[in-house]
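Reader: I am in my first year and still learning how to read a protein model. Could you take a close look at one part of this one with me, and then show how that part sits in the whole chain?

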Amino acid sequence: QVHLVESGGGLVQAGGSLRLSCAASGRTISRSAMGWFRQAPGKEREFVAGMHWDGSVIYYRDSVKDRFTISRDNNKNTVYLQMNSLKPEDTAEYYCAASSTGTGASYQYWGQGTQVTVSL
């Protein structure tokens, strides 16, 4: 069982930056694909970024490419999402997810989320 806790959300002006962290406990995530998702009010949860267990494959939704960066520190059992040039449309609850596989065909473990609000 993996327990995930997100942090780093908050209120930021458009054009600003935030770095989200996802700390895992219970077992190592070094062999797990990890992902970030988000859900805005009234909308479905959507994929934001994902990374294979070894970092060999990283992918982003088109709207965040060149602005967001996913990374991991396996020594700290933590995954990050650096978000730059934030836009109001990035406002959402952000969730970290861990897969039981290294490639992330699906995600079995989810955090509780951290709110990101981007103002004009």
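Author: Read from the N terminus on, the elements of the chain follow one another as β-β-β-β-β-β-β-β-β-β-β, which amounts to 11 strands and 0 helices. Please keep in mind throughout that this is a predicted model.

The part to look at closely is the surroundings of T78, a residue that belongs to strand β8, which covers residues 78-83. With a relative accessible area of 9%, T78 falls under the limit of 20% and is therefore buried. The side chain of T78 has a polar atom that lies 2.8 Å from the backbone oxygen of K76. If residues up to four places away in sequence are left aside, T78 touches S21, C22, A23, I29, R72 and D73.

One of these neighbours, C22, deserves a step further, since C22 forms a disulfide with C96, and the two sulfur atoms are 2.1 Å apart. A disulfide is a covalent bond that joins the sulfur atoms of two cysteines. The two partners come from distant parts of the chain, for C22 lies in strand β3 (residues 18-25) and C96 in strand β9 (residues 92-98), with their positions 74 residues apart in the numbering. The torsion about the S-S bond of C22 and C96 is about -75°, and so this disulfide is left-handed. As for exposure, C22 has a relative accessibility of 0% and therefore counts as buried, and C96, with a relative accessible area of 0%, is buried too. The count of disulfides comes to 1.

Now we can step back to the whole chain. Of its 120 residues, 46% count as buried, and T78, as noted, is a buried residue. Among the contacts in the chain with a separation of 6 or more, 56% are accounted for by residues 24 or more positions apart.

The overall dimensions can be read in a similar way. A compact globule of 120 residues would have a radius of gyration near 14 Å, and because the chain has 13 Å, its value agrees with that expectation. Taken along the principal axes, the C-alpha atoms of the chain fill a box of roughly 40 × 25 × 25 Å. Finally, the accessible surface of the chain comes to about 6,100 Å², and carbon and sulfur atoms hold 48% of that surface.

Key. Residues numbered from 1 in each chain as written. Predicted model: local features only at pLDDT ≥ 70, side-chain atom pairs only at ≥ 80, totals over all residues. Heavy atoms only, no water. Helix = DSSP H or I, 4+ residues; strand = E, 2+ residues; numbered from the N terminus. Buried < 20%, exposed > 50% of the residue type's maximum accessible area, 1.4 Å probe, protein only. Polar contact = N/O pair within 3.5 Å; in protein donor to acceptor, adjacent residues only side chain to side chain. Contact = heavy atoms within 4.5 Å. Disulfide = S-S within 2.5 Å. Rg over C-alpha atoms; globule rule 2.2 N^0.38 Å. Areas by Shrake-Rupley, 256 points an atom, 1.4 Å probe, with all protein chains shown as cover.
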